[in-house]
Structure formats: structure tokens, C-alpha cells
Amino acid sequence: MGHSDDLHIDSPSGSIAWIDATAGIAGDMLLGALIDAGADLERVQSVLDVLIPGSVKLAKRTVDRCGQRSLKVDVELLVENPPHRTWTSIRDMLESARGAVPERTIDLGLRVFGMLAKAEGRAHGIDPEDVHFHEVGALDSIADVIGACEAWRQLGIGEATGSTIAVGSGRIRAAHGDIPVPVPATAYLAEGWPTVAGDLLPPRPHGHDHGHAHSHPHAHDHEHDHQHDHEHPLPEHAAGGPHAAAAPPSGVAPGIGELATPTGVALMRGLATSYGPMPGMVTRAIGIGAGTKDTPGRPNVVRAFIGESYPHA
């Protein structure tokens, strides 16, 4: 299960968190992880209804990502042809909602969207104030950012640490054409933060010593349709990446694609106060948020560990 009954919604901002983005991160993935950890989706929806009334509907569902249970949050658009928004218009929208939307949610949202505007401005060589949020500023991305910020507030998270971010590799086709991974805005947002391409680990050679003996089968309380055999290599199409068996389009460099989106990295940078391994903590809740793709060879998920710190010996 995701959240723990020991974690109280709207607790003071004294909880700590560790965000695991070693398989990548996107806005909907982090939102799913925070909802799975105990944040209330209906209350997140109510905040969005104040900011962008009648525009989006959030829904959650449990999914399987490479054999791992996770929560997928889907954003349904209720309007056609949503307008492009500038950083100025988004900032005005958030500022005008003070009193109707929790202050901390607004402050966190302003921080995250400010980072996005700065990165997009650098990518396009324009003033951040003039940035038009094409892909990033669509209604679903506003829902992801503000939704994650509101869920963060509900969970009472004060300080947070983030893992190394898997950003992906190769090239993708976007609104501006064929561009490299990480896309420019993601690359700028990730400056100063540890990153890795995130290719799948190579298969272990037969007879590799793990440092401990296995004289017994891997028994589980539940059954899977795959084997937990450390000696078997990954499927041919997954070993070493790319994740898909199909060859890339002509003229596009091979790779594993985009694992981290600008929205996801901006949320990590805006919400986490430092990077590194999991800190000393007593975990009270674990949330697992799913990405859209079900990647062969590795679960496409973000994990959120939430709890309280404890003094080191």
C-alpha cells in the first residue's frame, strides 16, 4: 500500500522526504507518488478548480510498471484549445488566488514556475518574462505543478533530499523539431544537480558472485509472471538500452529517450533542498508514482519516502 495511517494530512512542515528519481521524473509521476503517500486528490482538485475552473479533472488508478505496483494520476482536459500562457500570466494567476488557495502552495508554485521560466528563457534566448509556456504551460502541466505543490503542503514536508536524476539519452521530436536529450530546458534546470543518462544496467555474466550464497529459491507471498533469477540476462531488446526494440527513425540518434521532463526537474529543484542518498530518517509513508510508459527492464516510477529525521549516533 502507499500511505500510512500514521502520517497526518496538513501536519506542520516538520516532515522530511527523499525523492528517488533514479529512473527519471515528470510532473505527473511526482504528483502520483505524493498522492500515493497520503495526499488527498480531491483537495488537490479543489485547488485547481480555484485557479483554472472547469479546465481539468484529475483521476487516479493503480497500474503495473514492470512488475511494480504504482499509482498513475491522469489529467483530463475539459476545454479545447487551451491558451498558451506567459510566465507573467501564470504568476498573476497565482498571486491573485492568495486567500483562496493555501499560501504555501502558491509560494511553492511560484518558485517552480519561476525556475521553468528562467530555463525556457535561456533555451530560447529571451527574457523569462516573455516566455510563452507552449508544452510546459499547457493545462496538464499547470495541474502537475500546482497539484504536486499542494500535495507537498498537505503532507507537511519541510526539508527534502533528492537523488541523482536519470535524464535519458538520444533525441526526441518536440514542438521545435528534432532535439537532443536532455532537452535544453531540462539541461539548464539540472545544472548543479547530479545526473546520469539512465541506460539499463548490462546483464550480469553467468556465475557472477553477488557476495552471498543463494542455496534457496526466492520465495514470495505473491506470484509474478516473471522469474526473480539474478543470473538471467535482461531481454535482448532491453539489455543496455534502448528500451524499445524498434529502431529509431532515420536521422535520429539511438538512445533511451527522455526520462526527465522540464516540469519534473523543476519540481525536484523547487521542492528538494539538497541532493544525495536517503538521509537518516524514520519512514512513515512511501509513495510510488507511475510514468505513462511501461519500460521493459526497469519500473518507470518515482518514489517518495516521507517521515521524520533522527539524530545520528
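**Aromatic pairs**

I searched the whole structure, a predicted model, for aromatic pairs and got two. I took Trp18 and Phe305 to begin with. Their rings form a tilted pair, with 5.6 Å from centre to centre and 50 degrees between the planes. I then looked up where the partners sit. Trp18 belongs to strand β1 (residues 15-20) and Phe305 to strand β15 (residues 301-309), so I note a link between distant parts of the chain, 287 residues apart. Are these two residues buried or exposed? Both Trp18 and Phe305 are buried.

I went on to Trp193 and Tyr275. This pair is edge-to-face, at 5.4 Å centre to centre and 65 degrees between the planes. The angle is over 60 degrees, the cut-off for that label. Trp193 is in the loop between α6 (184-189) and β11 (195-196), and Tyr275 is in strand β13 (residues 274-275), so the pair ties together parts 82 residues apart in sequence. I checked accessibility for each partner. Trp193 has 8% relative accessibility and counts as buried. Tyr275 comes out at 48%, which makes this residue partly exposed.

**Overall figures**

I stepped back to the whole chain. I list seven helices and 15 strands for the protein. Of its 313 residues, 45% count as buried. I also looked at contacts between residues at least 6 apart in sequence. Of these, 79% join residues at least 24 apart. The protein exposes about 15500 Å², and carbon and sulfur atoms supply 53% of that area.

**Strands β2 and β3**

I turned to the hairpin. Strand β2 (residues 56-65) pairs with strand β3 (residues 68-77) in the antiparallel sense, over 10 bridges. Two residues lie between the strands, and Cys66 in this hairpin has a positive phi near 55 degrees. Across the pairing, I find Arg61 opposite Lys72 in β3.

I picked Val75 in the same hairpin, since this residue is found in strand β3. Its relative accessible area is 21%, so I enter Val75 as partly exposed. The cut-off for buried is under 20%. What does Val75 touch, leaving aside residues up to four places away in sequence? I get Val56, Lys57, Leu58, Asp140, Ala143 and Asp144. I also took the spacing to Lys60, 15 residues away along the chain: the C-alpha atoms of Val75 and Lys60 are 9.0 Å apart.

**Salt bridges**

Next I looked at charged partners. Side chains of opposite charge can pair when their charged atoms come close. I count 13 salt bridges.

I looked up Asp20 with Arg303. Their closest N and O atoms are 2.8 Å apart in a salt bridge. Asp20 is in strand β1 and Arg303 in strand β15, so I log another link between distant parts of the chain, here 283 residues apart. Strands β1 and β15 also hold Trp18 and Phe305 of the tilted pair. Asp20 is buried, at 7% relative accessible area. Arg303 is partly exposed, at 29%.

I moved to Asp28 and Lys72. Their side chains meet in a salt bridge at 3.1 Å, N to O. Asp28 is in helix α1 (residues 27-36) and Lys72 in strand β3; the pair links distant parts of the chain, 44 residues apart. I find Asp28 buried, and Lys72 as well.

I then checked Arg284 with Glu308. The closest N and O atoms of this salt bridge are 3.2 Å apart. Arg284 lies in strand β14 (residues 281-290) and Glu308 in strand β15, so the pair ties together parts 24 residues apart in sequence. What is the relative accessible area of each partner? I have 34% for Arg284, which is partly exposed. Glu308 is partly exposed too, at 36%.

Which residues do salt bridges with shared partners join into one network? I find Asp28, Arg61, Lys72 and Asp74. Of these, Arg61 and Lys72 are the residues I noted standing opposite each other in the hairpin.

**Helix α7**

I closed with α7, residues 262-271. Nine of its 10 residues are buried, so I enter the helix as largely enclosed by the rest of the structure. The buried residues are Pro262, Thr263, Gly264, Val265, Ala266, Leu267, Met268, Gly270 and Leu271.

Definitions and conventions. Residues numbered from 1 in each chain as written. Predicted model: local features only at pLDDT ≥ 70, side-chain atom pairs only at ≥ 80, totals over all residues. Heavy atoms only, no water. Buried < 20%, exposed > 50% of the residue type's maximum accessible area, 1.4 Å probe, protein only. Helix = DSSP H or I, 4+ residues; strand = E, 2+ residues; numbered from the N terminus. Pairing = 2+ DSSP bridges. Phe/Tyr/Trp six-rings, centres within 6.5 Å; stacked < 30°, edge-to-face > 60°. Contact = heavy atoms within 4.5 Å. Areas by Shrake-Rupley, 256 points an atom, 1.4 Å probe, with all protein chains shown as cover. Salt bridge = Lys/Arg side-chain N within 4 Å of Asp/Glu carboxyl O.
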